[in-house]
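Q: I'm new to this structure and would like a close look at just one part of it. Could you walk me through it in plain words?

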Amino acid sequence: MAKCIERQLPFGTSGQAVNHTRPTLQTTVIIEKGISMHSLSRIVLSITLTSILFVSAPILAKEKPHHAAQTTVKKTVKADGSTIERAVVIIEDDTMRGIGAENRWIAENMPGYRKVGQALLQQNGGVYDRIDVQNEAGDIRSVYFDIKSFFGMVNGKPL
């Protein structure tokens with residue numbers, strides 16, 4: 001149950017100018033519900049951040065332009081890496097970060113497989129990596145990556 005407390009506060013505590021020559025008091029009603037202002041602030045902040053997350057989540061899921069510490073992997077229904085035509089497109093501006101993105105894609109999409117070979121392919125004006133991977137049972141598969149955005153690049157500049 002809420003309890004009301006009346007307090008006499010110097011006039012001006014609510015943002016109004018204080019008349020220092022003649023002190024005046026105003027009565028302020030404070031409602032206490034067992035929740036401190038600090039707790040209330042945290043609750044409001046939590047609700048605000050949660051609502052921002054749910055509202056912006058679909059926006060954040062859309063592809064964004066590249067930033068230095070961010071790698072974008074374009075995924076479409078066809079981009080499973082099984083052929084050059086279905087190559088996984090890596091958007092990166094640095095060769096080392098691009099290779100890291102390939103390795104992450106393999107780890108996330110082909111658990112249990114490890115790299116056993118690699119080939120650089122140029123076809124139809126594109127540049128591709130063919131990564132051969134093998135699982136514990138000995139099955140070998142090839143995964144194709146479109147690497148034209150990062151091949152031969154260091155921090156966005158050609159080698």
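Leaving aside its neighbours within four places in sequence, which residues is Met-110 in contact with?

A: Let's start with what you're looking at. This is a predicted model, where local features need pLDDT of at least 70, side-chain atom pairs count only at pLDDT 80 or more, and totals for chains, interfaces and linings use all residues. Residues are numbered from 1 along each chain as its sequence is written, and side-chain values use heavy atoms, with hydrogens and water left out.

Now to your residue. Once neighbours within four places in sequence are set aside, Met-110 is in contact with Trp-105, Val-133, Arg-141 and Val-143 (contact means heavy atoms within 4.5 Å). Met-110 itself sits in the loop between helix H2 (95-109) and strand S5 (114-123). Helices (H or I, at least four residues) and strands (E, at least two) are DSSP runs, numbered from the N terminus. Met-110 has a relative accessible area of 5%, so it is buried; buried means under 20% relative accessible area, exposed over 50%, and partly exposed in between, with a 1.4 Å probe and protein chains only. Take Val-143 from that contact list: it is 33 residues from Met-110 along the chain, yet their C-alpha atoms are separated by 9.8 Å.

Those names come back in the largest nonpolar core, a set of buried Ala, Val, Leu, Ile, Met, Phe, Trp, Tyr and Cys residues joined through side-chain atoms within 4.5 Å. That core has 14 residues, and the ones touching the most other members are Ile-90, Trp-105, Ile-106, Met-110, Val-133, Val-143 and Phe-145. At least two residues of this core come from each of strand S4 (88-91), H2, S6 and S7. As a general point, nonpolar side chains tend to be buried together in soluble globular proteins.

Step back along the chain into H2. This helix has 15 residues and reaches 21 Å from its first C-alpha to its last, close to the 21 Å expected at 1.5 Å a residue (the expected span is 1.5 Å times one less than the number of residues). Its buried residues are Gly-98, Gly-100, Ala-101, Glu-102, Trp-105 and Ile-106. At the N-terminal end, Asp-94 caps H2, with a side-chain oxygen 3.1 Å from the backbone nitrogen of Met-96.

Trp-105 deserves another glance. The structure holds 1 aromatic pair, and Trp-105 and Phe-145 form it edge-to-face, at 5.6 Å centre to centre with 90 degrees between the planes. Rings of Phe, Tyr and Trp (its six-membered ring) pair if their centres lie within 6.5 Å; planes under 30 degrees apart count as stacked, over 60 as edge-to-face and the rest as tilted. The pair links distant parts of the chain, since Trp-105 is in helix H2 and Phe-145 is in strand S7, 40 residues apart. Trp-105 has a relative accessible area of 8%, so it is buried, and Phe-145 counts as buried because its relative accessibility is 0%.

One last stop is Asn-135, in the loop between strand S6 (126-134) and strand S7 (140-146). Asn-135 counts as buried because its relative accessibility is 17%. Beyond its neighbours within four places in sequence, Asn-135 is in contact with Gly-112 and Tyr-113.

For the wider setting, the protein chain has 2 helices and 9 strands, and buried residues make up 23% of its 159 residues.

Definitions and conventions: Polar contact = N/O pair within 3.5 Å; in protein donor to acceptor, adjacent residues only side chain to side chain.
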